Amino acid sequence: MADATQNNHPVRFAVVGVGQISQQAFIPGLSRIEDAELAALVTSSPEKAEALGQEFGVATYSYEEYPALLESGDIDAVYVATPVFRHREFAEPALKAGIHTLLEKPMATSVEDCQAITDAAKQSGATLMVAYRLHQEPATVEMIEKVRDQQVIGDPRFFTATFSQDITEENHRGHSGFWGGPIPDMGTYPQNMVRNLFHDEPVEVYAKGVRTSGREFNFDDTVAVTLTFPGERVAQFTISYASESAEQFTVAGTKGEISAQPCFGFGPGVGIEYTLTQEGSSESFAHDPVEQFGGQTQYFVDCLRRGEAPEPDGEEGMLDVRVNEAVLESLETGRPVTLEPYQRERTVTSEQVRRVTPADEPEDDELVDQVPQNG
């Protein structure tokens, strides 16, 4: 099949899973990318297929028709945004077929599935990128690089964070068990942030969860996690589906600290801000909003054009899933879980930053066949 990544034609994307994140964030962001275009939609919803297929003027496929799409020659890449327990089901065959894959995080529901997806990319030579949108966001990358430069806050010693939303119980996230719950969905953000700030991997994981009275979630809706890192460093974060929205983190070192708020969210009005404190003196840094989904897609497309491997690859995705697995085990056993030491060589750098003008996002009541996420 002709591959648009090797010529001047736009990269043709199929969106697999047309839920809130696709309708409200990825597709609008994709519209900001000049050398990429929406070519197909894959959904289990006839209503979405009819309404959105007509709106965007693209072909639609059911999940059962997905193999035919992969063989059609009509697409160059897929963006997979199904519920996480179906990620391998759609990412692995795409990669085996030589279709480049931008895969939402968390990467999968097991390290085993992450490895299978990564192996599929290696076998075919197709490009795999896990959709860590903050790895292309200017303020986030700036903070990571400042912490990496130990002249700024010194040796990082501890990290604390909170991230919470009031999730509607009727939304699919409310009844998909642990792997649809707050730790894989939202906990991935602080744990990925601290892994990159420390440039290291945790060696012990301990978690404590509670279930809010009156809520019908089938998982612990509020979870506190402690990660122990080499060098006597510690990270703690609390994630919740059952409280007012909140997001913030602090990383403190031997010479100073960085505190950020907001720090994990996205949207046309969201600009990430942080404060650097050294020797009792503080300086604030406010960044303008950027199109985070468009920025990550532009970086992905740039990597395809150049024949380069994206930084947030299968290894990066696997390392977060490894932590998620340990959190689940700790919740089930009530005990800390030991992880083998691991050092990832690749790092986030400023070369990954993409500044794309924010796109307008549909309001919740404009989404097709979708229960809004927030209560």
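In the predicted model, the largest cavity is lined by Lys 105, Tyr 132, Arg 133, Leu 134, His 135, Thr 140, Ile 144, Thr 188, Tyr 189, Asn 192, Met 193 and Asn 196. Two elements, helix 6 (138–148) and helix 8, each give two or more residues to this lining. Helix 8 makes the largest contribution, with five residues. The volume of the largest cavity is about 90 Å³. By class, its lining comprises five nonpolar, five polar and two charged residues.

In total, three cavities of 30 Å³ or more were found. The second largest cavity has a volume of about 60 Å³. Its lining is formed by Arg 195, Asn 196, His 199, Asp 200, Glu 201, Glu 316, Gln 343, Arg 344 and Arg 346. No nonpolar residue is present in the lining of the second largest cavity, which is made up of three polar and six charged residues. Asn 196 appears in the lining of the largest cavity and also in that of the second largest cavity.

Open space was also examined. The largest pocket encloses about 1200 Å³. It is lined by 48 residues, of which Gln 20, Ile 21, Arg 173, Asp 185 and Gln 373 lie closest to the pocket centre. Helix 1 (20–30), strand 7 (156–166), helix 8 (182–198) and strand 11 (242–253) are the elements that supply two or more residues to the pocket lining. This lining contains 15 nonpolar, 22 polar and eleven charged residues. Helix 8 is thus named both among the elements lining the largest pocket and among those lining the largest cavity.

Two of the strands that contribute to the pocket lining, strand 7 and strand 11, are paired with each other in the antiparallel sense over nine bridges. Within this pairing, Pro 156 has Gly 253 of strand 11 as its bridge partner. Both strands belong to an open sheet of nine strands, arranged in the order 14-13-12-11-7-10-9-8-15 with mixed pairing. Strand 14 (281–286) and strand 15 (337–338) form the edges of the sheet; each has a single partner strand, so one side of each lacks a neighbour in the sheet.

Parallel pairing was found among the strands numbered 1 to 3. Strand 1 (residues 11–16) runs parallel to strand 2, to which it is joined by six bridges. Val 11 is bridged to Ala 36 of strand 2. The connection from strand 1 to strand 2 passes through helix 1, and the resulting β-α-β crossover is right-handed. Strand 2 is in turn joined to strand 3 by three bridges, again in the parallel sense. Opposite Leu 41 stands Thr 60 of strand 3. Here the chain passes from strand 2 through helix 2 (residues 46–56) to strand 3, in a β-α-β crossover that is right-handed. Strand 2 (residues 36–42) is mostly covered, as five of its seven residues are buried.

Beyond strand 3, Ser 62 occupies the loop between strand 3 (59–61) and helix 3 (66–71). Ser 62 has a relative accessible area of 22% and is therefore classed as partly exposed, given that buried residues are those under 20%. The C-alpha atom of Ser 62 is separated by 33 Å from that of Val 323, which is 261 residues away along the chain.

Strand 5 likewise pairs with two strands. With strand 4 (residues 77–80), strand 5 forms a parallel pairing over four bridges, in which Val 80 stands opposite Leu 103. The path from strand 4 to strand 5 runs through helix 4 (residues 87–96) as a right-handed β-α-β crossover. With strand 6 (residues 128–130), strand 5 pairs in parallel over three bridges, and Met 129 of strand 6 is the bridge partner of Leu 102. Helix 5 (residues 111–124) completes a right-handed β-α-β unit with strand 5 and strand 6. Strand 5 (residues 100–103) is covered on both faces: His 100 and Leu 102 are buried on one side, and Thr 101 and Leu 103 are buried on the other.

The structure contains zero disulfides. Cys 114 takes part in none, the nearest cysteine sulfur being that of Cys 303 at 20 Å. Because its relative accessibility is 0%, Cys 114 counts as buried. Cys 263 is also buried, with a relative accessible area of 0%.

Technical notes: Residues numbered from 1 in each chain as written. Predicted model: local features only at pLDDT ≥ 70, side-chain atom pairs only at ≥ 80, totals over all residues. Heavy atoms only, no water. 1 Å grid on protein atoms, 1.4 Å probe; cavity = no way out; pocket = protein on both sides within 12 Å on 5 of 7 lines; lining within 4 Å. Points joined across faces, edges and corners; volume = space filled by probe spheres on them. Nonpolar A, V, L, I, M, F, W, Y, C, P; charged D, E, K, R; others polar. Disulfide = S-S within 2.5 Å. Buried < 20%, exposed > 50% of the residue type's maximum accessible area, 1.4 Å probe, protein only. Pairing = 2+ DSSP bridges. Right-handed = clockwise from strand over helix to strand, strands pointing away.
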